[in-house]
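Work through the exercises below. Each task is followed by a stepwise solution.

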Amino acid sequence: MNNKFRLTSLGLFSALSINSAMALPIDWTGVFGADTHLLSNTCRTNDDVTKDPTAKTGTQGLANGDCDANFQTYTFRLNPNIIINDAVTLKGEISTGHIRGNFAGSDSANNQDGSGNNSYFFTTPAQRSALNMNQMYMEMYADTALIKIGRLSRHFGMGMVFDNGSDPWDRFITMYDGIEAEMKIGNFSVTPHFAKISSYNSNQTDRQGEPAGNYDVRELGLVAKYDNKNKDLVASILYAKRSSERRNTLYNANTTTAASFERGNTEVTVIEPYVSKRWSKLKVSAEASLQSGDYGKVYDANTESKISAQAFIGEAKYDLNPKWDIGFLAGQVSGDDGSTDRFEATYLHPNFHIADLMFRYNYAAINEGSRSIFDSSITNTRFYKLYANYKSDNWTWKGAFIMANALETAKN
């Protein structure tokens, strides 16, 4: 008994000693929110496709489906901030589900008795959900630059294409595995970056599906920025080139066999200028996204397509007083005209919203399992929005007049 007591005491003393020597300060922040969605006429059509789903080409009608939808979701994410030393900080983001949260009732356990039916009607185990590591990177403070390396997010301008998901209700995040270094001289800064977007291919028999570097999707670019806080002026430009190898699982439609339809090599350049200026209570912002390059075989296995796509957005906001602000937002996002030699559509980031309903949902996902109903991007449109916001201590009331029209319409 005495020996056992001494061993236990020694183990406890050793554990306390190690914890005391190795403890690191950790700050935790996070977001949790829950909401409900009630949608009617998600088919967006009166076409009857119950008897013959192929009778109406291009319809959004659901065969044997209900065109009303209701679902509940929650957002959940934790952001640890670990100070390693004076020069190194480890930052991250942990969440659940594809939408940085999940749908109520998803991932429920089934077939508890192995018979194909769940016999335990009231005692079914609770839903299960795995944790996702959306971000985990080091910030290293050097004399010449702030270096970030690991899995990190990117944001640029108004967030029309690159968005870090900082809003509490943002479901998505622009995620990079790579390295960037921000170098500042006065009001000027330059931030080059390199990222590995994808490196996995399930058809690599020589490496059992592990990354070998031959099926990569890479991005190389930089951001040049002028930020004068005394004049409330920001002007910046982003240049990036993303290239993919002939066979990769990120962009290819099918890579299971050598004879299958492949996207092929792609090399797309994006240039985004951004400017923002404030005069007392008035703030004006503008951003553009210009995409060009080789887009691969989009339509069939025999046609190489170029991409030439553009998006332009401008916003003016005026603060009437501490509680009221009004603004005007306008933009144009190109769509594809259907020609096979050139792809002309731009897709904004799914976090970029102009309304709580318009462009907010991907209704086709109700009948598909490959995408989420929130995977919806603004594309092929010209829009205008006149809005006003009222903020009190406990409430925010929003009102707006919005108009949008399609740039390209369906034709034979």
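**Exercise 1.** Does Asp-375 count as buried or exposed?

*Solution.* Step 1: apply the cut-offs, where buried is under 20% relative accessible area, exposed over 50%, and partly exposed in between (1.4 Å probe, protein chains only). Step 2: Asp-375 has 15% relative accessibility, so Asp-375 counts as buried.

The model is predicted: local features need pLDDT of at least 70, side-chain atom pairs count only at pLDDT 80 or more, and totals for chains, interfaces and linings use all residues. Residues are numbered from 1 along each chain as its sequence is written, and side-chain values use heavy atoms, leaving out hydrogens and water.

**Exercise 2.** Find what Asp-375 touches, not counting residues up to four places away in sequence.

*Solution.* Step 1: take contact as heavy atoms within 4.5 Å. Step 2: the residues are His-98, Phe-172 and Asn-362.

**Exercise 3.** Analyse the salt bridge of Glu-139 with Lys-91.

*Solution.* Step 1: a salt bridge needs a side-chain nitrogen of Lys or Arg within 4 Å of a carboxyl oxygen of Asp or Glu. Step 2: here the closest N and O atoms are 3.2 Å apart. Step 3: Glu-139 lies in strand 5 and Lys-91 in strand 3, so the pair ties together parts 48 residues apart in sequence. Strands are DSSP runs (E, at least two residues), numbered from the N terminus. Step 4: Glu-139 is buried at 6%, whereas Lys-91 is partly exposed at 22%.

**Exercise 4.** Classify the partners Arg-218 and Asp-216 of a salt bridge.

*Solution.* Step 1: their N to O distance is 3.7 Å. Step 2: Arg-218, at 24% relative accessibility, counts as partly exposed. Step 3: Asp-216, at 4%, counts as buried.

Definitions and conventions:
Helix = DSSP H or I, 4+ residues; strand = E, 2+ residues; numbered from the N terminus.
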